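Me: I would like to understand why certain words are used for parts of this model, and I would be glad if each answer could set the value beside the rule that decides it.

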Amino acid sequence: MRAARFHSYGAPGVLVVEDAPEPQAGEGSVRIKVHATSVNPIDVLLRAGHLAPFLPLTLPAVPGRDAVGVVDEVGAGVTDAHVGDTVFGLGGISDTTAEFAVLTAWSTVPEGWSTAQAAAAGLASATAAAVIDALGDLNGKTFLIEGASGAVGSAAAAFALAAGATVIGTGRESNHPYLESLGVLATAYGPGLAERVAALAPGGVDAALHSAPSDSLPDLLSIVGDTSQVVTVIDDQGAQQLGLRKIDARNDSALLRYAAALGREGLYTPRVDREFSLADIVEAHTLAENASGKVVVLQP
Ligand SMILES: NC(=O)c1ccc[n+]([C@@H]2O[C@H](COP(=O)([O-])OP(=O)(O)OC[C@H]3O[C@@H](n4cnc5c(N)ncnc54)[C@H](OP(=O)(O)O)[C@@H]3O)[C@@H](O)[C@H]2O)c1
């Protein structure tokens with residue numbers, strides 16, 4: 001099969017499109033003929049070698065954590081997927097930017113989503129759904145998201161709004177119209193966050209998510225004042241120091257089905273900013289690591 005691969009860690013230029021062995025569906029998994037995959041921050045970190053001490057890859061490696069496509073092999077024990085189903089979901093830590101990929105968590109794709117939107121939903125929606133699950137009932141609460149304009153943050157905003165929360169979200173100014181289109185009260189990130197949030201939420205903030213590469217976790221905790229109601233998806237060390245939870249995506253189909261159900265109701269539309277073809281994988285990774293916005297890679 002044709003796949004994007006890298007034979008050594010490094011800058012986006014290490015990526016090549018070449019022939020690679022086809023994976024097979026194992027027990028509890030499905031193989032899909034991939035239509036598209038997204039580029040997540042973890043793909044960039046893995047390719048660059050920044051995670052090699054903790055998450056070493058077998059090289060050459062195929063990048064990509066999520067994908068959408070059509071099931072063409074069903075592993076033993078799988079009863080909720082059939083050959084021909086169009087599904088989006090999660091592979092392993094890498095391996096999806098290829099003609100075929102094996103998924104261990106998946107959901108059928110809502111009719112209203114484009115291929116690119118379904119590709120963008122996998123890791124982002126599983127992470128955001130795990131966050132909502134961890135925070136409990138947000139109905140009637142005020143929820144602050146640092147990084148609301150991002151893939152994870154915008155999914156969490158949609159899920160919290162659907163649950164009945166008021167959502168305040170940070171993002172760069174050019175992303176404020178997008179946030180407002182979701183129903184989020186938009187504000188800037190950076191110094192003065194507590195004052196800006198207090199002006200938007202005079203009654204206080206009940207819960208917060210840290211889903212941006214910023215050092216604002218202590219500020220979020222002082223705004224909310226309750227370690228059980230502030231979570232990060234990034235900062236392991238900060239979470240430990242402050243005594244709050246770091247939440248990770250799980251390869252759990254229930255999280256993806258939850259996101260898809262909201263997609264069917266028109267309450268969650270995955271964010272996509274740029275689409276590339278597989279042949280332009282170097283450009284796709286270059287943009288993903290240098291610019292704001294979600295990048296999707298379409299198979300030929
Ligand atoms: N634990 C897990 O399982 C898991 C899973 C997925 C992702 N993550 C992590 O979660 C984070 C978000 O992922 P994503 O896919 O949503 O990334 P993304 O789409 O690139 O979003 C990044 C967000 O951070 C904001 N941002 C950028 N620089 C900032 C700064 N200096 N201060 C405050 N905000 C800033 C961006 O705002 P603008 O674009 O508006 O500037 C955007 O809202 C990443 O660090 C990723 O590694 C963790």
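Me: What makes E10 and E13 the edge strands of the open sheet?
Reply: In this predicted model, the open sheet has six strands in the order E10-E9-E8-E11-E12-E13, with parallel pairing. Strand E10 (185-187) and strand E13 (245-246) each pair on one side only, and they are the edge strands.

Me: How do you know that E11 and E12 are paired?
Reply: Pairing asks for at least two bridges between two strands, and three bridges join strand E11 (residues 207-210) to strand E12 (residues 230-232), so the two count as paired, and they run parallel. One position to look at is Ala 208, whose bridge partner in E12 is Val 230.

Me: Which helices lie across strands of this sheet?
Reply: Helix H3 (residues 151-162) lies across strand E8 (142-146), strand E9 (166-170) and E11, and it runs at about 170 degrees to E9. H5 lies across E8, E9 and E10, running at about 160 degrees to E10.

Me: What describes the packing of H5 with H6?
Reply: Two packed helices are described by the angle between their axes and the distance between the axes. For helix H5 (residues 193-200) and helix H6 (residues 217-224), the axes come within 10 Å and cross at roughly 35 degrees, and the crossing is right-handed. On the H5 side the contact is made by Leu 193, Ala 194 and Val 197, and on the H6 side by Asp 219, Ser 222 and Ile 223. Sorted by class, this contact has four nonpolar residues, one polar and one charged.

Me: Why is H6 called mostly covered?
Reply: A residue is buried if 20 or more other C-beta atoms lie within 10 Å of its own, and six of the eight residues of H6 are buried, so H6 is called mostly covered. The buried residues are Leu 217, Asp 219, Leu 220, Leu 221, Ile 223 and Val 224, and they pack against E8, H5, E11, E12 and helix H7 (236-242). Just after H6 comes Gly 225, which takes a positive phi of about 75 degrees.

Me: How do you know on which side or sides of H1 the buried residues lie?
Reply: In helix H1 (residues 41-48), the buried residues are Asp 43, Leu 46 and Arg 47. They cover an arc of only 95 degrees around the axis, and therefore they lie on the same side of H1. In general, an α-helix has 3.6 residues a turn, so residues three or four places apart point the same way. What covers the buried residues of H1 includes strand E1 (2-6), strand E3 (30-39) and helix H9 (281-290). Just after H1, Gly 49 has a positive phi of about 90 degrees.

Me: Why does Val 74 count as buried, partly exposed or exposed?
Reply: Val 74, which lies in strand E4 (residues 66-74), has 17 C-beta neighbours inside 10 Å. Because a buried residue needs 20 or more and an exposed one has 12 or fewer, Val 74 counts as partly exposed. Leaving aside residues up to four places away in sequence, Val 74 touches Ala 25, Val 30, Ala 81, His 82 and Val 83. Val 74 and Gln 24 are 50 residues apart in sequence, and their C-alpha atoms are 9.1 Å apart in space.

Me: What makes E5 largely enclosed by the rest of the structure?
Reply: Four of the five residues of strand E5 (residues 86-90) are buried, and so E5 is largely enclosed. E5 pairs with E4 in the antiparallel sense over five bridges, and Asp 66 stands opposite Leu 90 in E5. E5 also pairs in the antiparallel sense with strand E7 (residues 105-108), over four bridges, where Gly 89 stands opposite Trp 106 in E7.

Me: With which strands does E3 pair?
Reply: E3 and E4 pair in the antiparallel sense over seven bridges, and in E4 the bridge partner of Ile 32 is Val 71. Four bridges join E3 to strand E6 (residues 100-103), again antiparallel, and Arg 31 stands opposite Val 102 in E6. With strand E15 (residues 295-298), E3 pairs in the antiparallel sense over four bridges, and Ala 36 stands opposite Leu 298 in E15. E3 is also mostly covered, with eight of its ten residues buried.

Conventions:
Residues numbered from 1 in each chain as written. Predicted model: local features only at pLDDT ≥ 70, side-chain atom pairs only at ≥ 80, totals over all residues. Axes fitted to C-alpha atoms, helices over the stretch in contact; angles between N-to-C directions. Left-handed = near helix turned anticlockwise from the far one by under 90°. Contact = placed C-beta atoms within 7 Å. Nonpolar A, V, L, I, M, F, W, Y, C, P; charged D, E, K, R; others polar. Arc of directions from axis to C-beta.
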